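I opened the notebook to record what I looked up, one topic at a time. The entries follow the order of the search.

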Amino acid sequence: MPDPETITAAIASNVRAQRAHRGMTLDALAARSGVSRGMLVQIEQCRTNPSVTTLTRIADALGVTVARLVEVSDTPVVRVVHASDVVTLWRSDKGGSARLLVGSDAPAILEMWDWALAPGEHHDGDAHPAGTREMLTVLEGELTLSVYGKSHVVGLDEAVLFSADRPHRYANETAGRLRFIMVVTEPRQTPDAPVAAPPARRVRGAP
């Protein structure tokens, strides 16, 4: 996995480049993303390591994936992501983690995540932009997925598909470890077209 300093530098460069490509000012990106101008300045000047929530808000506003913002180099036509290159964007003291395996933003925004939650852990996701869907499959343990307050239990080797443009929660309510693979797909808006500020969302990622 790339070291944190390399990732922070890549994020700084990619956010600047994506914003410049769209002719957006810092104020415009702040208004669209819900991330303060001061935070954007710190990110672009490589002075902070932003949270996944902040990255996803910026990615949504720019019409790209989180994966595009953390890319250390340009993506080739065929990209094999080796284990050493997978980026861990969140890790808890209890052993939970969120690993962004791979992502693409053409023709639609698409991301694949590897999530782990320790016993008793949960993660609350904000509503993603309209039309966003998530698919999950449980590799270990049991997932309790709550959407709009209604809970659904997804067991080992089971899968679930749901509309993620509403609040949702992933929880491990068992005494064992939970691990699941999550795919997020989001309709891509025209990058240069003015759009209303999207609702703040998690993750795709983490706290």
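**Entry 1: salt bridges.** I began with charged pairs and found nine salt bridges in the structure. I kept in mind that this is a predicted model.

I looked up E71 and found a salt bridge to R68, with the closest N and O atoms 3.6 Å apart. That pair counts because the cut-off for a salt bridge is 4 Å. I then asked how accessible E71 is. E71 has a relative accessible area of 10%, so I noted it as buried. Its partner R68 has 29% and is partly exposed.

**Entry 2: D114 and R179.** Next I looked up D114, which forms a salt bridge with R179; here the closest N and O atoms are 2.7 Å apart. Which parts of the chain does this pair tie together? D114 belongs to strand β3, residues 109-117, and R179 to strand β10, residues 178-186, so the salt bridge ties together parts that lie 65 residues apart in sequence. I checked accessibility as well: D114 is buried at 4%, while R179 is partly exposed at 28%. I also noted that R99, D114 and R179 are linked in a network of salt bridges.

**Entry 3: D124 and R169.** I looked up D124 and found a salt bridge with R169, the closest N and O atoms being 2.5 Å apart. D124 sits in strand β4 (residues 122-125) and R169 in strand β9 (residues 168-171), so this pair ties together parts that are 45 residues apart in sequence. On accessibility, D124 is partly exposed with a value of 41%, and R169 is partly exposed with 32%.

**Entry 4: strand pairing.** I turned to β5 and asked which strands it pairs with. Strand β5 (residues 133-140) is joined to strand β8 (residues 159-163) by five bridges, and the two run antiparallel. As an example I wrote down M135, whose bridge partner in β8 is L161. β5 also pairs with β10, again in the antiparallel sense, over seven bridges. There I noted V138, which stands opposite F180 in β10. β10 had come up before, as the strand that holds R179.

**Entry 5: helix α2.** Which residues of helix α2 are buried? In this helix, residues 26-33, I listed L26, L29, A30, R32 and S33 as buried. I then looked up what covers them and found that the cover includes α1 (4-21), α3 (37-44) and α4 (52-62). After α2 comes G34, which has a positive phi near 80°.

**Entry 6: positive phi outside glycine.** I checked the background first: most residues other than glycine have a negative phi. I then wrote down two residues that have a positive value instead.

C46 is not a glycine, yet its phi is positive, near 60°. I found C46 in the loop between α3 and α4. Is C46 buried or exposed? C46 falls in between: its relative accessibility is 36%, so it counts as partly exposed.

D157 is not a glycine either, and its phi is positive at about 70°. I placed D157 in the loop between β7 (150-154) and β8. The relative accessible area of D157 is 65%, which means that it is exposed, the cut-off for exposed being over 50%.

Methods
Residues are numbered from 1 along each chain as its sequence is written. This is a predicted model: local features need pLDDT of at least 70, side-chain atom pairs count only at pLDDT 80 or more; totals for chains, interfaces and linings use all residues. Side-chain values use heavy atoms; hydrogens and water are left out. A salt bridge is a side-chain nitrogen of Lys or Arg within 4 Å of a carboxyl oxygen of Asp or Glu. Buried means under 20% relative accessible area, exposed over 50%, partly exposed in between (1.4 Å probe, protein chains only). Helices (H or I, at least four residues) and strands (E, at least two) are DSSP runs, numbered from the N terminus. Two strands pair if DSSP finds at least two bridges between them. Contact means heavy atoms within 4.5 Å.
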